[in-house]
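Student: Please give me a close look at one part of this model. Start at the tail end, then work towards the charged side chains and show how they sit in the whole fold.

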Amino acid sequence: RPSIAGALALTILVVASTALLTQGAQGPVLFATALCGIAVFMLAMAFDSRDRARVTRRTDVAFWLHLLAAPLIVHGVFKLTGLSGGGSPTPGAALTVILVYLALTVLALAIDRRALLVSALAYVIYAINTLVGSGVGQGTGVTALVLGLFLVLLSAAWRPIRRQLLTRLPRDLTLRLPAAS
């Protein structure tokens, strides 16, 4: 799978070069990480769009590229919100993470890939816990309940929700996405 190995090698090269050139400054490294994630995501979508029925080797390549892209995007974007930058997290940063997660959910539904959702779980758990209360106890229980319910309902209704979403997207875009089953 040369495209996967190449994407990974190029990502490592870009992020490491950025770290060297900026003497490890967190902002530029996170920005480079997120940009590499977006580039890998676009490459994955190129493979996905050439196999809408998901029956050829292209869909396997796309799967692994999505798996590489997701944590790069999520980590870069969510760390830049400042939610996990140490110290006391702000409700605004937590709310931003939750809103970004909802946008990622819509994107995951549209492309029919769950890697973005899984990669963002730790950040969303932390964000919800920040909003409902800190420490272990009631806040953690409410966090687990809210996120658990959301994910169970989403997984149970994935196909109907996806079908509805695809009807609302522009036709030229849906012709490049996997067909709704």
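Tutor: Start with Arg176, which is partly exposed at 45% relative accessibility. That value falls between the cut-offs, because buried means under 20% and exposed means over 50%. The model is predicted, so read every value here as computed from it. Arg176 sits in the segment after α8 (171–174). Its C-alpha atom is 9.0 Å from that of Ala46, although 130 residues separate the two along the chain.

Now the charged side chains. Side chains of opposite charge can pair when their charged atoms come close. The count for this model is 5 salt bridges. Within that set, one network links Asp48, Arg54, Asp112, Arg113 and Arg114. Take its pairs in turn.

Arg113 pairs with Asp48, with 2.7 Å between the closest N and O atoms. This contact joins distant parts of the chain: Arg113 is in the loop between α4 (91–111) and α5 (115–132), Asp48 is in helix α2 (residues 26–49), and their positions lie 65 residues apart in the numbering. Both partners are covered. Arg113 has a relative accessible area of 10% and is buried. Asp48 is buried too, at 0%. Each value is under the 20% cut-off, so each residue earns the label.

Next comes Arg54, which forms a salt bridge with Asp112; their closest N and O atoms are 3.7 Å apart. This pair also links distant parts of the chain. Arg54 lies in the loop between α2 and α3 (57–80), and Asp112 lies in the loop between α4 and α5, 58 residues apart. Arg54 is partly exposed, at 22% relative accessibility. The limit for buried is under 20%, so Arg54 does not qualify.

Asp112 has another partner. It forms a salt bridge with Arg114, where the closest N and O atoms are 3.9 Å apart. The limit is within 4 Å, so this contact counts. Arg114 is partly exposed, with a relative accessible area of 43%.

Move on to a nonpolar area at the surface. Phe31, Leu35, Ile38, Met42 and Leu80 make a nonpolar surface patch of about 490 Å². Helix α2 contributes the most, 4 residues. That is also the helix that holds Asp48 of the network. Leu80 belongs to helix α3, and is partly exposed at 44% relative accessibility. Patch members need over 30% relative accessible area, so Leu80 passes that test.

Then go inside. The largest nonpolar core has 40 residues. Phe41, Leu65, Phe78, Ala120 and Val124 touch the most other members. The helices α1 (2–21), α2, α3, α4, α5, α6 (138–156) and α7 (158–168) each supply at least two residues. Helix α3 gives the most to this core, with 10.

Helix α5 also holds Leu116. Leu116 is buried, with a relative accessible area of 4%. The C-alpha atoms of Leu116 and Leu30 are separated by 17 Å, with the two residues 86 apart along the chain.

Look at α7 for its two sides. Its buried residues are Trp158, Arg162, Leu165 and Leu166. They span an arc of only 100° around the axis, so they lie on the same side of α7. The face turned away from that buried side carries the exposed residues Thr167 and Arg168.

Finally, step back to the whole fold. The protein has 8 helices and 0 strands. Along the sequence the pattern reads α-α-α-α-α-α-α-α. The radius of gyration is 18 Å, close to the 16 Å that the globule rule gives for 181 residues, so the protein is as compact as a globular protein of that length. The C-alpha atoms fill a box of roughly 45 × 45 × 25 Å along the principal axes. Buried residues account for 36% of the 181 residues. Asp48 and Arg113 are both buried, and they belong to the network with Arg54, Asp112 and Arg114.

Definitions and conventions
Residues numbered from 1 in each chain as written. Predicted model: local features only at pLDDT ≥ 70, side-chain atom pairs only at ≥ 80, totals over all residues. Heavy atoms only, no water. Salt bridge = Lys/Arg side-chain N within 4 Å of Asp/Glu carboxyl O. Buried < 20%, exposed > 50% of the residue type's maximum accessible area, 1.4 Å probe, protein only. Patch = residues over 30% accessible without salt bridge, like charges linked within 9 Å, V, L, I, M, F, W, Y side chains within 5 Å. Areas by Shrake-Rupley, 256 points an atom, 1.4 Å probe, with all protein chains shown as cover. Core = buried A, V, L, I, M, F, W, Y, C linked by side-chain atoms within 4.5 Å. Arc of directions from axis to C-beta. Rg over C-alpha atoms; globule rule 2.2 N^0.38 Å.
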